[in-house]
Amino acid sequence: MGILVGLLVIWAALVVLGIAVKSLFWLIIVGAVLFVATGVIGFVKREALGKRR
């Protein structure tokens, strides 16, 4: 779970950096997509682990 939170923090930082530097608009898109994908994967894995126990 710690790795998941770490990745979410990194992706959020990329989005903030992209917003701060207007010429890095692509960084906002990449960071947002990775943030959502990591959140979905973490949620799905948590649900799968919960059903096994």
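Helices here are DSSP runs of type H or I with at least four residues, numbered from the N terminus; with that in mind, open the model, which is a predicted one, and follow the stops below.

**Helix 1**

Begin by selecting residues 2-20, which form helix 1, a run of 19 residues that reaches 27 Å from its first C-alpha to its last, close to the 27 Å expected at 1.5 Å a residue. Within this selection, colour Trp11, Val15 and Gly18, which are the buried residues of helix 1. They cover an arc of only 65 degrees around the axis, and therefore they sit on the same side of helix 1. Turn the view to the other side of helix 1, where Gly2, Val9, Val16 and Ala20 are exposed.

Before leaving this element, select isoleucine 19, which also belongs to helix 1. Is isoleucine 19 buried or exposed? Its relative accessibility is 52%, and because exposed means over 50%, isoleucine 19 counts as exposed. A distance drawn from the C-alpha atom of isoleucine 19 to that of phenylalanine 43, 24 residues apart along the chain, should read 27 Å.

**The loop**

Next, select valine 21, whose place is in the loop between helix 1 and helix 2. With a relative accessibility of 33%, valine 21 counts as partly exposed. From here, look back to leucine 7, which is 14 residues away from valine 21 along the chain, the two C-alpha atoms being separated by 21 Å.

**Helix 2**

Now move on to residues 25-52, which make up helix 2, and stop at threonine 38. Threonine 38 is buried, with a relative accessible area of 11%. Which residues does threonine 38 contact, leaving aside its neighbours within four places in sequence? Show the side chains of Leu4, Leu7, Leu8 and Trp11, since these are the residues in contact with threonine 38; of these, Trp11 has already appeared among the buried residues of helix 1.

Continue to glycine 42, again in helix 2. Glycine 42 counts as buried, its relative accessibility being 16%. For a distance across the model, take the C-alpha atoms of glycine 42 and alanine 20, which are 22 residues apart along the chain and separated by 28 Å.

**A nonpolar surface patch**

For the last stop, switch on the surface and select Phe35, Val36, Val40, Phe43 and Val44, which together make a nonpolar surface patch of about 450 Å². One member, valine 44, is found in helix 2. Valine 44 is partly exposed, with a relative accessible area of 49%, and it can join the patch because membership requires over 30% relative accessible area.

Note on methods:
Residues numbered from 1 in each chain as written. Predicted model: local features only at pLDDT ≥ 70, side-chain atom pairs only at ≥ 80, totals over all residues. Heavy atoms only, no water. Patch = residues over 30% accessible without salt bridge, like charges linked within 9 Å, V, L, I, M, F, W, Y side chains within 5 Å. Areas by Shrake-Rupley, 256 points an atom, 1.4 Å probe, with all protein chains shown as cover. Salt bridge = Lys/Arg side-chain N within 4 Å of Asp/Glu carboxyl O. Helix = DSSP H or I, 4+ residues; strand = E, 2+ residues; numbered from the N terminus. Buried < 20%, exposed > 50% of the residue type's maximum accessible area, 1.4 Å probe, protein only. Expected span 1.5 Å × (residues − 1). Arc of directions from axis to C-beta. Contact = heavy atoms within 4.5 Å.
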